[in-house]
Amino acid sequence: MNEHPDTQALAQARAQLQREIAERHAVEARYQAQMAQLRAEQVRLRELAEMSSEWFWEMDEELRFSKVYGGGLLVSSSSTDVESPLGKRRWELPITNVAPEKWTEHRQMLETRQPFKDFVYQIHSPLTGQLHWCSISGKPIFENGKFKGYHGMGVDITERKRVEMRVEFLAYHDALTGLPNRALLQDRMQQAIAQAERAQDGLALAFIDLDNFKRINDSLGHAAGDALLREIATRLKGCVRESDTVSRQSGDEFIVVLSGVDGVQRCIPTLDKIMRTLQEPMHFEGKEISASASIGVAFYPQDGTTFDELRKKADLAMYRSKDTGRNAYYFYDEAMNNDAEEHLLLRNGLRLAIERGELVLHYQPQMDIRSGRMVGVEALLRWQSPTFGLVEPGRFIPVAEDSGLIVPIGAWVLEQACRQARAWQDDGLPALTVAVNLSAVQFRRDDVEATVDQALERSGLPPHCLELELTESILLQDVEQVLALVQRLRQRGMHFSIDDFGTGYSSLAYLKRLDIDKLKIDRSFVHDLDQTADAAAIVEAIVEMAHKLGLRTIAEGVESPELLDRLRDIGCDEAQGYLHARPMPAQDFSRYLHAHFHNSARAAQPA
Ligand SMILES: Nc1nc2c(ncn2[C@@H]2O[C@@H]3COP(=O)(O)O[C@H]4[C@@H](O)[C@H](n5cnc6c(=O)[nH]c(N)nc65)O[C@@H]4COP(=O)(O)O[C@H]3[C@H]2O)c(=O)[nH]1
């Protein structure tokens with residue numbers, strides 16, 4: 001039986017409908033699966049973002065935050081949190097440290113729908129309770145050409161900023177004390193000078209150099225040295241006003257700039273306070289350390305109008321303080337500049353003096369007071385300069401010491417004196433002790449022992465014919481090292497004396513341990529011997545003390561028979577001075593020697 005054609009069409013239509021429904025179901029299922037996959041990916045991304053220190057954000061058309069996720073501890077993305085950014089515009093957040101012009105520029109970019117990069121600000125995080133540095137970048141969203149808002153990311157750059165700020169700080173500050181360094185001081189000084197110029201006011205620049213820093217560092221170690229420098233920095237800051245600058249230049253040098261100071265009188269109270277404060281003892285690991293400083297001061301505008309000029313002049317004044325016994329402040333004056341220029345000329349001339357044969361030794365006899373016989377001779381250096389004429393050692397030895405030239409010069413003196421003494425012996429004259437001055441700087445910088453050995457070896461002079469004259473300042477350096485060296489040379493037969501005794505750093509304790517033979521009484525005491533009771537008392541005391549320690553004494557600068565008589569009465573052993581002879585060149589001294597020993601021999605012969 002054939003079906004009615006309508007029934008057939010109906011069945012076909014149903015089958016078609018069922019296929020379409022099945023297809024729709026399949027599409028729907030695929031769509032659902034894709035959606036589920038997308039949602040899972042979104043969750044995974046969000047979870048990853050949550051762990052990162054970066055965060056992602058979105059803003060709507062009105063520039064209000066619509067989504068924020070990620071950012072670790074920095075941003076709250078909960079819409080219930082009052083401090084959450086959601087619903088707010090960026091400028092409604094607790095943001096700081098953005099210059100007004102930067103804000104204006106940023107808002108203009110947003111309003112003109114432009115992308116932006118690295119907008120940096122500081123924000124208070126409700127989650128950490130701290131201020132964080134952030135950097136954000138963003139892009140506008142357009143759908144079918146219609147603006148839909150912004151999206152972008154942010155990153156916490158607090159650590160990077162901290163490092164950057166530290167690097168910047170160190171570029172302008174001294175790491176040890178935290179004080180402004182030379183670069184920042186220069187900058188501040190320029191500002192201070194400009195301000196002083198506008199206000200028709202003055203400035204003082206004080207150059208401060210610690211007197212005994214090296215000694216403290218060497219004896220107590222670097223940790224003590226560092227602690228001392230930090231303490232000095234704190235004390236200096238405590239002595240000046242907020243508006244003044246305290247800076248550390250290098251090592252143990254500090255510069256203080258005092259503003260509103262128009263001359264000497266106005267800065268004396270501050271300088272006095274600095275000196276007092278620095279001298280107060282400080283403690284380090286149970287040990288007491290005391291410091292003192294030499295200070296030089298120069299004024300703007302009287303002494304200079306630039307930082308370099310003022311610094312140079314304050315430095316010169318500081319050196320004057322060092323030269324005159326330290327622990328004092330000096331104000332710059334023009335004479336110091338002339339001295340400095342002379343210093344430079346002398347130094348340049350001295351460099352060539354040895355090789356050009358311009359150095360000469362003069363000799364002066366040393367007499368035994370009781371017998372009247374010559375017992376020694378002192379070698380005294382002179383510089384026959386083509387520019388300056390005959391230069392006295394008092395003028396050029398300090399320059400040679402400062403520049404280190406004293407090392408080769410001192411070695412030359414030693415060898416020359418030893419050779420000359422040996423030549424006199426070879427000439428048949430009685431063996432005399434030749435006394436040679438040794439500078440403290442030679443002890444510090446040179447291998448004195450090798451230099452002395454070499455001079456004796458090359459000249460063939462027996463060691464017991466050489467006397468080395470040390471000054472008391474030699475005891476200002478590493479005392480133990482000096483004591484040991486003196487002892488070693490003594491064991492080889494050399495003699496030692498202390499020059500200018502009574503004028504320097506006398507420590508009886510060290511003197512007892514220092515293996516010497518003789519004290520040379522400074523000529524200032526000898527000169528005043530018959531004029532002031534004080535000088536007489538000093539000379540008597542020195543002679544008495546020396547004899548108790550088993551040392552001989554020699555008086556310098558004996559110019560008259562009366563002085564010689566006084567010295568004989570006091571018990572002084574030897575004399576040196578114009579009374580017997582002035583220092584003279586080797587040739588003249590040879591004649592003098594021959595005459596002296598000839599006369600002595602004749603006097604000793606029976607009549
Ligand atoms: N008013 C007066 N002065 C007298 C008299 N008798 C001697 N003099 C001077 O007194 C100084 C004695 O030398 P000094 O105390 O070692 O003092 C020396 C010594 O410290 C230093 N000096 C000299 N030569 C050398 C050297 O080769 N090396 C080192 N490092 N220093 C030296 O220079 C200082 C000065 O030496 P000079 O100018 O030669 O001065 C010498 C001498 O000329 C006198 O009766 N009256």
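1. Some bookkeeping on residue classes to start: Ala, Val, Leu, Ile, Met, Phe, Trp, Tyr, Cys and Pro count as nonpolar, Asp, Glu, Lys and Arg as charged, and the others, Gly among them, as polar. Sorted that way, the shell around the ligand has 8 nonpolar, 8 polar and 7 charged residues.

2. Bear in mind that this is a predicted model, where local features need pLDDT of at least 70, side-chain atom pairs count only at pLDDT 80 or more, and totals for chains, interfaces and linings use all residues. Numbering starts from 1 along each chain as its sequence is written.

3. Back to the ligand: 23 residues surround it (C-beta atom, placed from the backbone, within 6 Å), and the closest are Leu381, Pro393, Asn437, Gly577 and Tyr578. The elements giving two or more residues to that shell are strand S15 (374-385), helix H10 (393-403), H11 and strand S19 (495-501). H10 gives the most, with 3 residues. Helices (H or I, at least four residues) and strands (E, at least two) are DSSP runs, numbered from the N terminus.

4. On to the cores, meaning sets of buried Ala, Val, Leu, Ile, Met, Phe, Trp, Tyr and Cys residues joined through C-beta atoms within 7 Å. A residue is buried if 20 or more other C-beta atoms lie within 10 Å of its own, exposed if 12 or fewer, and partly exposed in between, with C-beta atoms placed from the backbone. The largest nonpolar core has 74 residues, and Ala417, Cys418, Val434, Val436 and Leu466 have the most contacts inside it. Helix H11 (residues 406-426) gives the most to this core, with 10 residues. Apart from it lies another core, of 47 residues, including Ala206 and Phe299.

5. Which strands make up the open sheet of 5 strands? The order is S8-S9-S7-S12-S13, with mixed pairing (strands pair if DSSP finds at least two bridges between them). The edges are S8 (245-250) and S13 (329-331), each pairing on one side only. S7 (residues 203-210) and S12 (residues 293-300) run antiparallel, joined by 8 bridges; in S12, valine 297 is the bridge partner of alanine 206.

6. Last one: is serine 125 buried or exposed? Serine 125 counts as buried because it has 20 C-beta neighbours inside 10 Å. Serine 125 sits in the loop between strand S4 (116-124) and strand S5 (131-143). C-alpha to C-alpha, serine 125 and proline 94 are 8.5 Å apart in space, and 31 residues apart in sequence.
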